[in-house]
Amino acid sequence: MQLTRSWYVVEHSSAVPAGSVRRLDFHGQAFAIWRALDGTLSVVSDRCPHKGASLSAGRVGEEGLACPYHGWCFQSDGHCAKIPAQDSAQAIPRRAQAFSLPCRESVGFIWIWWDPSAESSAEDLPPLPTVGPVPEDDDRGWRALEGSVEWNAHWLRVLEAFMDLTHAPFVHSGSFGAMAPDQLMPVEQWAKDDSVYERVLAPRDRHYRADQGRGLRAWFNQGDDQSSSVSSDDGGEQHIQLWLANVSLVRVVFGDFQISLLTAHVPVDGTKTRNLWRHFRSFLRSPLADSNARGRVDRFMAEDQGTVETLRPLIPDLDGHGDLLVASDVSTLALRRMLREKRDAGLFR
Ligand code: FES
Ligand SMILES: [Fe+2]
């Protein structure tokens, strides 16, 4: 099940440096993402129009992306500018064109506009979703890390899991989820403009059993430096937001001490989803704390993976017949309502 005519994040910007090409598996099709020497980014079908070789196995040079089979060279707009075996006086056929998808970059990610019917015209594509707040790359008040992990689950199940907080005390009982389930009902919740948001209070003392030496308080209070601890009666908040088609942002805020996890849930095919994550923390900004932070993200992602991969039906039934959703599933209900409206508008296939 694909949501069409929507922006999707498909890769970390950092994964495609200038002069490189890599394969993208997206909704069951193969593409090549490549960046010219001048930094221009392109996403094209991974099939050379000549004899169908894989362009993602090609090379990027002065003349663009060169196919590995006969060296046809494609420009950033997909147009073939050179057929090495032919005399340059011979015309290059108009159909010698790699099929290109509109792409953009924002918040450290590469985005594509997905419209398999190709009815959208490049000029009037809607703007990218305004995802955030996310620290700028050069903001010295934050430390950023990124990574990826692939799960055997449908992308909509994965997207929902990142907005499903009531699972935390059960799935994440061994990590950050040491909290009471009834404290996870949002104090604010809305759904509009292809986005779903909720805010949850996270009072530190009564509801976090962080004195067990785990959970968020343990994370915030680690280190000997008094200035890096937060007074124990400070309350915190979590802000969780999704943007269609496939981005989530979880922000945990205890005053100046903040952690954010921005994740894109890339539909590889109907049964696999690649999670591309970016972690930001406003404390313990030394690179020495990176391996600890990475270990924490890896651990709770693995906790989610273990459960989300077991969900059946594989694809959530938007009409609710497959699952039994109740009032505490408020954000899942809001997301499915939004997706039903997309389906009714003919945007699912
Ligand atoms: S198949 Fe690509 S150049 Fe021949
Ligand atoms: Fe989770």
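Before anything else, a note to myself on terms: strands (E, at least two residues) and helices (H or I, at least four) are DSSP runs, numbered from the N terminus. Two strands count as paired if DSSP finds at least two bridges between them.

I'm looking at a predicted model, where local features need pLDDT of at least 70, side-chain atom pairs count only at pLDDT 80 or more, and totals for chains, interfaces and linings use all residues. Residues are numbered from 1 along each chain as its sequence is written, chains are lettered from A and ligands numbered from 1 in the order in which they are written, and side-chain values use heavy atoms, with hydrogens and water left out.

**Entry 1: hairpins and the first sheet**

I looked up the hairpin of E3 and E4: five residues lie between the strands, and Gly 39 there takes a positive phi near 95°. E3 and strand E4 (residues 41–45) run antiparallel, joined by five bridges, and I found Ala 32 bridged to Val 44 in E4.

On the other side I checked E2, which runs antiparallel to strand E3 (residues 29–35) and is joined to it by seven bridges. I picked out two partners in E3: Arg 35 for Ser 20, and Gln 29 for Phe 26. The hairpin of E2 and E3 has two residues between the strands, and His 27 takes a positive phi near 45°.

Put together, I get an open, antiparallel sheet of four strands in the order E2-E3-E4-E9. Strand E2 (20–26) and strand E9 (100–101) each have a single partner strand, so one side of each has no neighbour in the sheet. Five of the seven residues of E3 are buried (under 20% relative accessible area, with exposed over 50% and partly exposed in between; 1.4 Å probe, protein chains only).

**Entry 2: the other sheet**

I noted another open sheet of four strands, E5-E6-E7-E8, also with antiparallel pairing. Its edges are strand E5 (59–61) and strand E8 (80–82). Strand E7 (residues 73–74) pairs with E8 over two bridges, and Cys 73 has Lys 82 as its partner in E8.

**Entry 3: the iron**

What holds the iron ion (ligand 2)? I found His 167 (NE2), His 172 (NE2) and two OD atoms of Asp 304, at 2.0 to 2.6 Å. Donors here are N, O and S atoms within 2.8 Å of the metal (3.2 Å for Na, K and Ca), and water is not among the atoms, so sites may look incomplete.

In sequence I read the donor spacing as H-x4-H-x131-D. Both histidines are buried: His 167 at 18% relative accessible area, His 172 at 1%. Asp 304 is among the buried residues of H5, along with Phe 300 and Val 308.

I also checked the length of helix H5 (residues 290–308): its 19 residues should span 27 Å at 1.5 Å a residue (times one less than the number of residues), and the end C-alpha atoms are 26 Å apart, which agrees.

**Entry 4: aromatic rings**

I counted eight aromatic pairs (rings of Phe, Tyr and Trp, its six-membered ring, with centres within 6.5 Å; planes under 30 degrees apart are stacked, over 60 edge-to-face, the rest tilted). Tyr 8 and Phe 26 are edge-to-face, 4.9 Å centre to centre with 85° between the planes. Tyr 8 is in strand E1 (residues 6–12) and Phe 26 in strand E2, 18 residues apart. Tyr 8 and Phe 26 are both buried, and they form one aromatic cluster with Phe 31, Trp 114 and Trp 155.
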